[in-house]
Amino acid sequence: MSSKSAEFDLACQLTISLVTEYRISRRVSEQFDAFMSGFNELIPQELINVFDERELELLIGGMSEIDVDDWQKHTDYRG
């Protein structure tokens, strides 16, 4: 590989990395910071730190499948 080709490849990798970082984090950093501020008002950060990302997703979003039998067993209908 020639040095020009290697330099071009490196420049492409750097450009892709910087564009990706911007699109994923920097472009929405203000919105993300506002979200985290509000989220941390509801649940302090020290309580969240004990969970990994999968556990936190499950706590926030719940199960993806609905177990109707479980709902019926644990629901108290009145009225």
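**Figure 1. Five helices and zero strands make up the secondary structure of the protein chain.** This is a predicted model, and we start with the whole chain before moving in. Reading along the sequence, you will meet the pattern α-α-α-α-α. The radius of gyration is 23 Å, well over the 12 Å that the globule rule gives for 79 residues, so the protein chain is more spread out than a compact globule. For a feel of the dimensions, the C-alpha trace spans about 80 × 30 × 25 Å along its principal axes.

**Figure 2. The surface of the protein chain exposes about 7700 Å².** Carbon and sulfur atoms supply 58% of that exposed area. Of the 79 residues, 3% count as buried. As for charge, the chain carries 7 positive and 16 negative side chains. The centres of these two sets lie 8 Å apart.

**Figure 3. V50, F51, L59 and I60 make a nonpolar surface patch.** The patch covers about 420 Å². One of its members, F51, sits in the loop between α3 (45-48) and α4 (53-61). Is F51 exposed or partly exposed? Its relative accessibility is 37%, so F51 counts as partly exposed, given that this class lies between the 20% and 50% cut-offs.

**Figure 4. D52 and R54 meet through their side chains in a salt bridge.** Here the N to O distance is 3.6 Å. The two partners are worth viewing one at a time. D52 is partly exposed, its relative accessible area being 27%. R54, at 60% relative accessibility, counts as exposed.

**Figure 5. A salt bridge joins E21 and R26.** The closest N and O atoms of this pair are 3.1 Å apart. How accessible is E21? With a relative accessible area of 33%, E21 is partly exposed. R26 is exposed, at a relative accessible area of 55%.

**Figure 6. D76 pairs with R78 in a salt bridge.** The closest N and O atoms of D76 and R78 lie 2.6 Å apart. Both D76 and R78 are exposed. How many salt bridges does the model have in total? The count comes to three; among them are the pair of D76 and R78 and the pair of E21 and R26.

**Figure 7. E57 belongs to helix α4.** E57 has a relative accessible area of 57% and is therefore exposed, because exposed residues are those over 50%. If you like to check distances yourself, try E57 and Q72, which are 15 residues apart along the chain. Their C-alpha atoms are separated by 25 Å.

**Figure 8. A patch of negative charge gathers E65, D67, D69 and D70 on the surface.** Where in the chain is D67 placed? D67 lies in the loop between α4 and α5 (68-73). Its relative accessible area is 43%, so D67 is partly exposed. For context, the protein chain as a whole has 16 negative side chains beside 7 positive ones.

Technical notes:
Residues are numbered from 1 along each chain as its sequence is written. This is a predicted model: local features need pLDDT of at least 70, side-chain atom pairs count only at pLDDT 80 or more; totals for chains, interfaces and linings use all residues. Side-chain values use heavy atoms; hydrogens and water are left out. Patches are made of residues with over 30% relative accessible area and no salt bridge: like charges are joined within 9 Å, nonpolar side chains (Val, Leu, Ile, Met, Phe, Trp, Tyr) within 5 Å. Accessible areas come from the Shrake-Rupley method with a 1.4 Å probe; for residues, only the protein chains shown count as cover. A salt bridge is a side-chain nitrogen of Lys or Arg within 4 Å of a carboxyl oxygen of Asp or Glu. Helices (H or I, at least four residues) and strands (E, at least two) are DSSP runs, numbered from the N terminus. Buried means under 20% relative accessible area, exposed over 50%, partly exposed in between (1.4 Å probe, protein chains only). The radius of gyration is taken over C-alpha atoms; the globule rule is 2.2 Å times the number of residues to the power 0.38. Lys and Arg count as positive and Asp and Glu as negative; His and the chain ends are not counted. The place of a charge is taken as NZ of Lys, CZ of Arg, CG of Asp or CD of Glu.
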